Amino acid sequence: MKEIKEVLIVGAGTMGHGLAQVFAVNGVSVKLVDENDDLLNRAQRWITDNLNYMVELGEIKKDKVQPTLSRVQYTVDLKQAARTADYVLEAVNENLDLKKRIFQQLGQWTRPHVALATNTSSFDINEFSAVTAHPERIIGTHWFHPPQITPCVEIIPSSATSQETIEVAIDLMRRIGKAPTRCRSAPGFVANRIQMAMAAEALAIVEEGLTTPEEVDQIVRTSFGFRLSAYGPFQICDQAGADTYNTIYEYLYGKLKREQFKPSPLLKKQVEQGYLGLKTNHGFYEYKKGAAEAMKRERDKKLYARLRLFREEQKTEKKI
Ligand SMILES: NC(=O)c1ccc[n+]([C@@H]2O[C@H](COP(=O)([O-])OP(=O)(O)OC[C@H]3O[C@@H](n4cnc5c(N)ncnc54)[C@H](O)[C@@H]3O)[C@@H](O)[C@H]2O)c1
């Protein structure tokens, strides 16, 4: 596996500038490409501001700013930048034809071993396989905004992506401190399927006049959203009880008649097998003897830490 010294990022917008920043902070040289100098100057300004704010927040030392900035080169010449890149990350607008054209060009202009990653939020990675002679080098790496801070990167191979490309992407993400997690390619992947389902329900609640956007935000942030940075949906289901979840779905489906509340066969099977979660020492996870008690203590520790942070945030939000 060749060492990655230079990363090419295509698109210097909302995501692209943050992507360039995180590589540069971690010692990797970056070429950042966009369509004109105004857009590149904007990206340079954003990165400079972000780094200065990181210094203010104590995230990096002041003497790290200039070396980090000097690791990012800005250019409108994609062809030239592609020639020297060891790894490419495409972050142009969510437009399938535009992305396909860029992958077709990258296939011609990059060196043969170079992995070609896309930051698409929704397109099935298999969409890109036909556009180059090198589908084995194309991979989805879906970052989350703001990419310089949010840990997760979904690693999404197409059916043609090589094992080497997958390993290159995962190794690089780990090297810059990210949390790469593999998933299969399908429209929306994992996180956006869940996130968009939640947003659709929030929109429906406001459309039905149940409450306001502000109140929905407040309820989500202070309830299940409060727990979500500590536990995922299956861990939370295990804590609440699969039987309780199943009963809620049955009632909601009966009353609201909406597909998204139709009781899940997977959940029903858990209930039938007695895998109710922490209370039966077995749910979507298995809890060895004594583990349920230890889990509860661990949960309280994590949630009190978040509660302290939440209270601090409440104070500053009131001031703003
Ligand atoms: N914004 C988010 O929260 C978010 C989160 C995860 C993934 N994504 C994905 O990341 C990608 C980029 O999103 P964004 O929010 O940064 O979009 P954006 O509109 O802010 O930026 C896109 C940039 O690409 C540039 N661009 C367009 N055509 C180009 C070309 N031919 N060559 C070079 N640059 C070109 C544009 O000028 C623009 O600066 C999309 O695929 C999006 O779905 C976005």
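**Helix crossings and a pocket**

Mentor: Start with the second largest pocket: it has 29 lining residues, and Val10, Gly11, Ala91, Val92 and Asn93 are the ones nearest its centre. Bear in mind that this is a predicted model, where local features need pLDDT of at least 70 and side-chain atom pairs 80 or more, while totals for chains, interfaces and linings use all residues. Numbering runs from 1 along each chain as its sequence is written, and side-chain values use heavy atoms, leaving out hydrogens and water.

Trainee: What makes it a pocket, and what makes a residue part of its lining?

Mentor: On a 1 Å grid over the protein atoms alone, a pocket is an open set of points with protein on both sides within 12 Å along at least five of seven lines; a lining residue has an atom within 4 Å of a point. Here the volume is about 590 Å³, meaning the space filled by probe spheres set on the points.

Trainee: Which element gives the most to that lining?

Mentor: α5, with five residues. α5 (96–109), β6 (138–143) and α7 (191–207) each supply at least two; helices here are DSSP runs (H or I) of at least four residues, strands (E) of at least two.

Trainee: How does the lining divide by class?

Mentor: Twelve nonpolar, eleven polar and six charged. Asp, Glu, Lys and Arg count as charged, Ala, Val, Leu, Ile, Met, Phe, Trp, Tyr, Cys and Pro as nonpolar, and the others, Gly among them, as polar.

Trainee: Why are α10 and α11 called roughly perpendicular?

Mentor: Their axes, lines fitted to C-alpha atoms over the stretch in contact, cross at roughly 100 degrees and come within 6 Å. Angles from 65 to 115 degrees count as roughly perpendicular, so α10 and α11 earn the label. Ile236, Cys237 and Ala240 of α10 meet Ala242, Thr244 and Tyr245 of α11, contact being heavy atoms within 4.5 Å. That contact has five nonpolar residues, one polar and no charged.

Trainee: And what makes α1 oblique to α2?

Mentor: The α1 and α2 axes cross at roughly 50 degrees. Oblique is what remains once under 35 (roughly parallel), over 145 (roughly antiparallel) and the perpendicular range are taken out, so α1 and α2 are oblique. Their crossing is right-handed: the near helix is turned clockwise from the far one by less than a right angle, with anticlockwise being left-handed.

Trainee: How do you know that α11 is oblique to α12?

Mentor: The α11 and α12 axes come within 9 Å and cross at roughly 135 degrees, so α11 is oblique to α12. That crossing is left-handed.

Definitions and conventions:
Axes fitted to C-alpha atoms, helices over the stretch in contact; angles between N-to-C directions. 1 Å grid on protein atoms, 1.4 Å probe; cavity = no way out; pocket = protein on both sides within 12 Å on 5 of 7 lines; lining within 4 Å.
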